[in-house]
Amino acid sequence: MDIKISLAAVRVNANKTQAELAKEMQVTRETVNKWEKGKVAPTKAQIYLFAKICDFPVDNIFLPYNIT
C-alpha cells in the first residue's frame, strides 16, 4: 500500500501544534488546518519553510511511503 507522508504527521512529529506552526510561519491556524486537510495547497515557499521549521527533508514531504 502506498501512502503519502502527511503534513499533519510531520508537524506532530516535530512536537508542534497547529497554532505554534502557524505563528512561526506567520499564517493563521486555520490555514495550517486547510493545508493538512488538503483543502488549500501551500505555496512552494511555504512548503520549504514548513520543512525547515519541522526539521524534515522537503524532498520527502510528498514522496510515497511503502507499507508492506
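Let me start with how H2 and H3 are arranged in this predicted model: the axes of helix H2, residues 18–25, and helix H3, residues 29–37, come within 8 Å and cross at roughly 110 degrees, and since angles of 65 to 115 degrees count as roughly perpendicular, that is how these two helices stand to each other. On the H2 side the contact is made by Gln-18, Ala-19, Leu-21, Ala-22 and Met-25, and on the H3 side by Arg-29, Val-32, Asn-33, Trp-35 and Glu-36. Sorted by class, this contact of H2 with H3 has six nonpolar, two polar and two charged residues.

Met-25 is worth following a little further, because, leaving aside its neighbours within four places in sequence, Met-25 is in contact with Trp-35, Gln-46, Leu-49, Phe-50 and Ile-53.

That takes us to helix H4, residues 44–53, whose buried residues are Ile-47, Phe-50, Ala-51 and Ile-53. Seen down the axis of H4, these buried residues fall within an arc of 165 degrees, so they line one face of the helix, and they pack against H2 and against helix H1, residues 7–13. The face of H4 turned away from that buried side carries Lys-44, Ala-45 and Lys-52, which are exposed. After H4 comes Asp-55, with a positive phi near 55 degrees.

Finally, the core: the largest nonpolar core has 13 residues, and those with the most contacts inside it are Leu-21, Met-25, Phe-50 and Ile-61. H1, H2, H3 and H4 each supply at least two residues of this core, with H4 giving the most, namely four residues.

Technical notes. Residues are numbered from 1 along each chain as its sequence is written. This is a predicted model: local features need pLDDT of at least 70, side-chain atom pairs count only at pLDDT 80 or more; totals for chains, interfaces and linings use all residues. Side-chain values use heavy atoms; hydrogens and water are left out. Axes are lines fitted to C-alpha atoms, for helices over the stretch in contact, and angles run from 0 to 180 degrees between N-to-C directions. Angles under 35 degrees count as roughly parallel, over 145 as roughly antiparallel, 65 to 115 as roughly perpendicular and the rest as oblique. Contact means heavy atoms within 4.5 Å. Ala, Val, Leu, Ile, Met, Phe, Trp, Tyr, Cys and Pro count as nonpolar, Asp, Glu, Lys and Arg as charged, and the others, Gly among them, as polar. Buried means under 20% relative accessible area, exposed over 50%, partly exposed in between (1.4 Å probe, protein chains only). The arc is that of the directions from the helix axis to the C-beta atoms. A nonpolar core is a set of buried Ala, Val, Leu, Ile, Met, Phe, Trp, Tyr and Cys residues joined through side-chain atoms within 4.5 Å.
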